[in-house]
Amino acid sequence: MAVAMSSTCPGLYCGRMMVNGSVEGECGVCPRGERANLQKVCERCIESPELYDWLYLGFMAMLPLVLHWFFIEWYSGKKSSSALLQHITAMLECSVSAVVTLLVTEPVGMLSIRSCGVQMLSDWYTMLYNPSPDYINTIHCTQEAVYPLCCVVFLLLSYTIVLIYYAFCLVLMMLLRPLLVKKIACGLGKSDRFKSIYAALYFFPILTVLQAVGGGLLYYAFPYIILVLSLVTLAVYMSASEIQSFKNLVAKKKRLVVLFSHWLLHAYGIISISRLDKLEQDLPLLALVPGPALFYIATAKFTEPSRILSEGGNGH
């Protein structure tokens with residue numbers, strides 16, 4: 001009878017609390033880490049994240065690391081020998097932050113998390129689905145329906161796993177990087193040494209807002225974002241470096257590092273799209289990873305601007 005009463009809860013995310021085996025209380029928001037089931041009873045989330053969820057978290061974790069690397073490279077200068085050490089430090093900061101974040105997330109002290117699972121896009125924006133049964137009074141049932149991936153609760157940021165990770169990244173960066181840069185970046189001017197750190201102080205708030213507002217859209221779009229951006233950036237890098245043959249490609253170790261990094265991103269995007277539901281069909285898709293680079297090298301000589309201009313002049 002209690003369960004029957006609980007089914008009258010309006011809205012997608014409202015529920016009643018289960019106390020000592022019976023449903024009690026009025027319809028409302030479920031506690032953090034719980035979600036209303038089909039009977040509109042708040043139920044503790046005990047599922048493990050799916051592969052796609054881990055890949056999404058990996059994508060959100062990669063964003064600050066990639067941005068760190070970009071700005072370190074951008075501001076270090078070609079003659080600076082400190083860039084490599086800063087790259088390693090940034091990776092260490094993000095790696096330690098990821099491990100600590102997993103340890104402080106329930107279940108505490110374990111490198112695993114429990115999740116409510118994602119069922120539909122509206123799960124990320126429960127604040128837009130507060131019901132008004134009488135069209136006057138609103139029942140506020142805003143919650144982390146995709147705990148711990150989502151973070152919008154009453155327009156305030158709750159302690160979602162992604163934001164905890166960003167907070168640890170920022171703290172570790174402020175503790176380690178200034179001392180490191182001050183000691184090793186002697187070849188740069190005083191105003192240039194800390195520009196990569198200043199950049200982080202800008203992009204971390206941007207990433208926070210991006211996760212808070214667009215987390216649901218990113219969840220479904222990130223595989224395609226990875227593929228498109230990795231393809232574009234690889235093409236831009238090879239063009240700027242004037243790589244038109246395999247000889248040019250292997251001339252510098254840095255170019256190979258950039259190439260293999262983009263190949264890893266290509267593979268990450270392909271795995272995220274396929275989700276490896278059928279290994280025998282999905283794994284062969286990884287053979288496409290070197291395709292864009294090989295295609296660029298094979299066709300670069302035909303699209304060289306100087307050649308096109310010279311042939312046009314001769315033909316004219």
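Begin with helices H2 and H8 of this predicted model: H2 passes H8 in a left-handed crossing. Select residues 51-76 for H2 and 253-274 for H8. On the H2 side, the contact is made by Tyr52, Trp54, Leu55, Gly58, Phe59, Met62 and Glu73; on the H8 side, by Lys254, Leu265, Tyr268, Ile271 and Ser272. Sorted by class, this contact of H2 with H8 comprises eight nonpolar, two polar and two charged residues.

Next, display the axes of the two helices. H2 and H8 pack at an angle of about 155 degrees, and their axes are 11 Å apart. Because angles over 145 degrees count as roughly antiparallel, H2 is described as roughly antiparallel to H8.

Keep both helices in view and turn to the largest pocket, which holds about 2000 Å³ of space. Its lining comprises 40 residues, and those closest to the pocket centre are Trp69, Phe70, Glu73, Val258 and His262. Glu73 is thus worth keeping selected, as this residue also belongs to the H2 side of the contact with H8. Which elements give two or more residues to the lining? They are H2, H3 (83-104), H6 (195-240) and H8. H6 gives the most, with eleven residues. Coloured by class, the lining divides into 25 nonpolar, nine polar and six charged residues.

From the pocket, follow H6 to helix H10, residues 291-300. The axes of H6 and H10 come within 11 Å and cross at roughly 35 degrees, and H6 passes H10 in a right-handed crossing. Select Leu231, Leu234, Ala235, Met238 and Ser239 in H6, then Pro292, Ala293, Tyr296 and Ile297 in H10: these residues meet one another across the two helices. By class, the contact of H6 with H10 has eight nonpolar residues, one polar residue and no charged residues.

Two backbone details complete the tour. Most residues other than glycine have a negative phi, and most peptide bonds are trans. Select Glu106 and Pro107: the peptide bond from Glu106 to Pro107 is cis, with omega near -5 degrees. Pro107 lies in the loop between H3 and strand E5 (152-153).

Finally, select Lys40, in the loop between strand E3 (34-36) and strand E4 (42-44). What is the phi of Lys40? The value is near 65 degrees, which is positive in a residue other than glycine.

Note on methods:
Residues are numbered from 1 along each chain as its sequence is written. This is a predicted model: local features need pLDDT of at least 70, side-chain atom pairs count only at pLDDT 80 or more; totals for chains, interfaces and linings use all residues. Side-chain values use heavy atoms; hydrogens and water are left out. On a 1 Å grid over the protein atoms alone, a cavity is a set of points where a 1.4 Å probe fits but cannot get out, and a pocket is an open set with protein on both sides within 12 Å along at least five of seven lines; lining residues have an atom within 4 Å of a point. Grid points are joined across faces, edges and corners, and a volume is the space filled by probe spheres set on the points. Helices (H or I, at least four residues) and strands (E, at least two) are DSSP runs, numbered from the N terminus. Ala, Val, Leu, Ile, Met, Phe, Trp, Tyr, Cys and Pro count as nonpolar, Asp, Glu, Lys and Arg as charged, and the others, Gly among them, as polar. Axes are lines fitted to C-alpha atoms, for helices over the stretch in contact, and angles run from 0 to 180 degrees between N-to-C directions. Angles under 35 degrees count as roughly parallel, over 145 as roughly antiparallel, 65 to 115 as roughly perpendicular and the rest as oblique. A crossing is left-handed if the near helix is turned anticlockwise from the far one by less than a right angle, and right-handed if clockwise. Contact means heavy atoms within 4.5 Å.
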